[in-house]
Amino acid sequence: MHGSLQRGHLLGEGGFARVYQVQDTYGARLACKVITKSSLKTKKAKTKLYAEIRIHQSLQHPNIVSFQDCFEDEEHVYMTLELCPNGSLMDMLRLRKRFTEPEARFFMIQLIGACHYMHTHQVIHRDLKLGNIFLDKTMNVKVGDFGLAALIESPGERKKTICGTPNYIAPEVLFDTANGHSFEVDTWSIGVILYTLVVGRPPFQTKDVKAIYKRIQNNEYEFPSDRPVSPEVQHLISQILTLDPSQRPTLHEIIAHVFFVRGIIPSYIPNVALKDIPNFS
Ligand code: ADP
């Protein structure tokens, strides 16, 4: 670890990384992502890590995990990041089972704001999901993990790499490999996230990955009657989860939908919401 940082407890583990809480010389608490160099065996793996660092470093937005610094020693690469002490929306969903629609509006507006900022900076996140949406100490959204992010370097460029997380992956990534994909894959994930927040599980969830892909291809999902949600949110989700990426609403159109315009949007989420249903009425 860097001389001026004091290592605290392990916050979590990802594919290649371990993330620790650390304290700098001024007593500020940060997160530190540690990647073991020996796990970066191929040139491709190294290039991917440098791309993640370069993209994440270039983004500064109140709803994106802020990137502080990166450095290395013989064995490791370190990235210091803004600390998100309240975990991810995935952790919160496990305790809460599902969210109220006012909470969903609050989280979605911040997520869409971050996504709009990324897209105007030519970045596609490509792995938006509850586990990559972190919460700071005042329960504001911080989008993190740019491990699959891509930079669009010329207008109209299409990406061809098949990547993402099965439940959240857009149909064109899987089934239109000739044509490629672009910014609209994040819009699709935003639809999956909205469904997951209000229903409590992802729309295409099923036992094996192949079956999930089949359901995505056929746009096969339903709103379970034992977990009723408003007709407004159902309408918005069905508009976003459109197979043809060019037919999906823009981020502006999503925010202008009646679900957002006519519903309660809390000014903040209290910390008690981590465990219990808050009352916003
Ligand atoms: P990977 O890219 O390898 O999947 P992530 O960036 O998703 O790694 O981090 C792995 C885990 O570390 C996360 O699931 C989370 O528990 C924790 N974590 C990551 N970044 C932060 C952060 N900024 N603040 C707090 N915990 C974090």
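**Exercise 1. Trace the strand pairing around β2 and β3.**

Task: Which residue of β3 is the bridge partner of Ala17, and how many bridges pair β2 with β3?

Solution.
- Step 1. Start at Ala17. Its bridge partner in β3 is Ile35.
- Step 2. Take a second pair. Gln23 has Arg29 of β3 as its bridge partner.
- Step 3. Count the bridges. Seven of them pair β2 with β3, and the sense is antiparallel.
- Step 4. Look at the turn. Five residues lie between the two strands of this hairpin, and Gly27 takes a positive phi near 85° there.

This is a predicted model. Keep that in mind for every value below.

**Exercise 2. Judge the confidence.**

Task: What is the average pLDDT of the protein, and what ipTM does the predictor give the complex?

Solution.
- Step 1. Read the protein average. The pLDDT averages 95.
- Step 2. Check the spread. A score of at least 70 is reached by 99% of the residues.
- Step 3. Turn to the complex. The predictor assigns an ipTM of 0.96 and a pTM of 0.96.
- Step 4. Apply the general caution. Coordinates should not be read in detail where pLDDT is low.

**Exercise 3. Extend the sheet on both sides.**

Task: How many bridges join β1 to β2, and in what sense do β3 and β5 pair?

Solution.
- Step 1. Begin with β1 (6-13) and β2 (17-23). Five bridges join these strands, which run antiparallel.
- Step 2. Find a pair. Arg7 is matched with Val22 of β2 as its bridge partner.
- Step 3. Find the connection. A hairpin of three residues links β1 to β2.
- Step 4. Move to β3 (29-36) and β5 (76-82). They pair in the antiparallel sense over seven bridges.
- Step 5. Put the pairings in order. β1 is joined to β2, β2 pairs with β3, and β3 pairs with β5.

**Exercise 4. Place Lys33.**

Task: Is Lys33 buried or exposed, and which residue of β5 is its bridge partner?

Solution.
- Step 1. Locate the residue. Lys33 sits in strand β3.
- Step 2. Count its surroundings. Lys33 has 26 other C-beta atoms within 10 Å, so it is buried. The cut-off is 20 or more.
- Step 3. Find the partner. In β5, Met79 is the bridge partner of Lys33.
- Step 4. List the contacts. Beyond neighbours within four places in sequence, Lys33 touches Ala17, Val19, Met79 and Leu81. Met79 is thus named as a contact and as a bridge partner.
- Step 5. Consult the record. An unreviewed UniProt entry lists Lys33 under "binding site".

**Exercise 5. Describe the ligand shell.**

Task: How many residues surround the ligand, and which element gives the largest share?

Solution.
- Step 1. Count the shell. It holds 20 residues, and the closest are Gly12, Gly14, Val19, Ala31 and Cys84.
- Step 2. Assign elements. β1, β2, β3 and β5 each give two or more residues to the shell.
- Step 3. Find the main contributor. β1 supplies the largest share, three residues.
- Step 4. Sort by class. The shell has 10 nonpolar, six polar and four charged residues.

**Exercise 6. Compare residues elsewhere in the chain.**

Task: Is Thr187 buried or exposed? Is Pro224 buried or exposed?

Solution.
- Step 1. Place Thr187. It belongs to helix α5 (residues 184-199).
- Step 2. Count neighbours. Thr187 is buried because 23 C-beta neighbours lie inside 10 Å.
- Step 3. Find its contacts. Outside its neighbours within four places in sequence, they are Ile240, Arg248 and Leu251.
- Step 4. Check one spacing. Thr187 and Leu251 are 64 residues apart in sequence, yet 7.3 Å apart in space, C-alpha to C-alpha.
- Step 5. Place Pro224. It lies in the loop between α6 (209-217) and α7 (231-240).
- Step 6. Count again. Pro224 has 11 other C-beta atoms within 10 Å, so it is exposed. The cut-off is 12 or fewer.
- Step 7. Check its spacing to Gly15. The C-alpha atoms of Pro224 and Gly15 are 33 Å apart, with their positions 209 residues apart in sequence.

**Exercise 7. Inspect two positive phi values.**

Task: Where does Arg126 lie, and where does Met139 lie?

Solution.
- Step 1. Arg126 is in the loop between β6 (123-124) and β7 (133-135). Its phi is positive, near 70°.
- Step 2. Arg126 is buried, because 24 other C-beta atoms lie within 10 Å.
- Step 3. Met139 is in the loop between β7 and β8 (141-143). Its phi is also positive, near 70°.
- Step 4. Met139 is buried, with 20 other C-beta atoms within 10 Å.

Note on methods:
Residues numbered from 1 in each chain as written. Predicted model: local features only at pLDDT ≥ 70, side-chain atom pairs only at ≥ 80, totals over all residues. Helix = DSSP H or I, 4+ residues; strand = E, 2+ residues; numbered from the N terminus. Contact = placed C-beta atoms within 7 Å. pLDDT = per-residue confidence, 0-100. Near = placed C-beta within 6 Å. Nonpolar A, V, L, I, M, F, W, Y, C, P; charged D, E, K, R; others polar. UniProt positions renumbered as here; feature names shortened; annotations may be inferred. Pairing = 2+ DSSP bridges.
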